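Subject: Structure handover

Dear colleague,

I am passing on the structure below, together with an account of what was found in it. Please read the notes with the coordinates open beside them.

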Amino acid sequence: FETLNNQFSITEARQRGLSAEVGRLTNQVGQLEDADARRAATKEALGHAVDRLYIQIKEGLPLTPEKYDRNARIAAVEALRDQVAGAKWVAPALQEAYTTLYLKELAISQSQEYFYSKIPVIDAYGSRVTKWAECVMNGNHGVSYRTFDGKNIGVFTNQGTGEDPSWGFMEDLSPAARTEIENKIVASRVEGFEEKIQALAERQIAMEGENGFQKAFSSL
């Protein structure tokens with residue numbers, strides 16, 4: 001009887017220990033499931049944020065200074081999207097990479113940058129030609145421009161009315177609006193702009209021949 005009683009006590013103790021271990025493991029499994037759910041939710045949230053940033057850049061202003069080249073920015077966010085898709089969880093480096101891109105785009109959206117660009121415009125004869133122009137970037141909203149010869153003044157802006165943007169050049173402006181754009185461009189000019197314009201004009205003349213660029217500088 002004592003032997004059976006001892007065996008029963010041992011069995012009972014083992015059963016209590018096993019029950020405690022089962023409870024501990026069950027609790028750990030529950031915690032792991034919660035942690036995995038949080039991991040998946042965090043990764044999904046970051047992926048969604050990166051996708052939104054991609055769309056913002058893809059549909060954003062295409063006419064920018066060279067340092068804000070849209071193709072390079074799209075490539076950067078696409079690379080980050082691939083990294084997020086291939087990651088098992090959101091590492092600090094991924095979060096930091098997204099934050100860096102986001103802050104860069106935020107700065108670009110508020111930029112008032114003076115630059116030069118060769119743009120397609122309509123000349124006095126109704127033909128579409130390309131001319132060098134002084135431009136001022138108005139954040140993500142558009143670009144004010146004035147061609148070197150002063151004959152084309154307008155804004156490059158989103159003319160779409162739906163969800164999809166439709167960027168285009170608009171010069172059908174009032175005299176007051178044209179004057180305002182011209183004054184804004186003059187006020188935004190940087191040091192040495194005359195030399196830069198001279199170099200671009202000479203390059204244009206070398207490619208296409210004398211075409212009135214010599215008269216452009218008096219209009220500056």
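Two strands are said to pair if DSSP finds at least two bridges between them. Please bear in mind throughout that this is a predicted model.

With that criterion in hand, strand 4, which spans residues 153-158, is a convenient place to begin. Four bridges join strand 4 to strand 5 (residues 167-170), and these two strands run antiparallel, with Val-155 standing opposite Met-170 in strand 5. Strand 4 also pairs in the antiparallel sense with strand 3 (residues 142-147), in this case over five bridges, and here Gly-142 stands opposite Thr-157 in strand 4. Strand 3 and strand 4 form a hairpin with five residues between them, and in the turn Gly-150 has a positive phi of about 75°. As for its surroundings, strand 4 is largely enclosed by the rest of the structure, because five of its six residues are buried.

The next point concerns a charged residue. Arg-189 is found in the loop between helix 4 (175-188) and helix 5. Is Arg-189 buried or exposed? Its relative accessibility is 15%, and since buried means under 20%, Arg-189 counts as buried. The side chain of Arg-189 is joined to that of Glu-134 by a polar contact of 2.8 Å.

Turning to the helices, the largest nonpolar core has 14 residues, and those with the most contacts inside it are Val-50, Val-77, Leu-80 and Tyr-98. The elements that give two or more residues to this core are helix 1 (2-58), helix 2 (70-86) and helix 3 (92-109), with helix 1 providing the largest share, six residues. As general background, nonpolar side chains tend to be buried together in soluble globular proteins.

Finally, there is a pocket that you may wish to inspect. The second largest pocket has a volume of about 190 Å³, and of the 13 residues that line it, the closest to its centre are Thr-64, Pro-65, Glu-66, Phe-115 and Tyr-116. Two elements, strand 1 (112-122) and helix 5 (193-208), give two or more residues to the lining of this pocket, and the largest share, five residues, comes from strand 1. By residue class, the lining of the second largest pocket divides into seven nonpolar, two polar and four charged residues.

With best regards

Key
Residues numbered from 1 in each chain as written. Predicted model: local features only at pLDDT ≥ 70, side-chain atom pairs only at ≥ 80, totals over all residues. Heavy atoms only, no water. 1 Å grid on protein atoms, 1.4 Å probe; cavity = no way out; pocket = protein on both sides within 12 Å on 5 of 7 lines; lining within 4 Å. Points joined across faces, edges and corners; volume = space filled by probe spheres on them. Nonpolar A, V, L, I, M, F, W, Y, C, P; charged D, E, K, R; others polar. Buried < 20%, exposed > 50% of the residue type's maximum accessible area, 1.4 Å probe, protein only. Polar contact = N/O pair within 3.5 Å; in protein donor to acceptor, adjacent residues only side chain to side chain. Core = buried A, V, L, I, M, F, W, Y, C linked by side-chain atoms within 4.5 Å.
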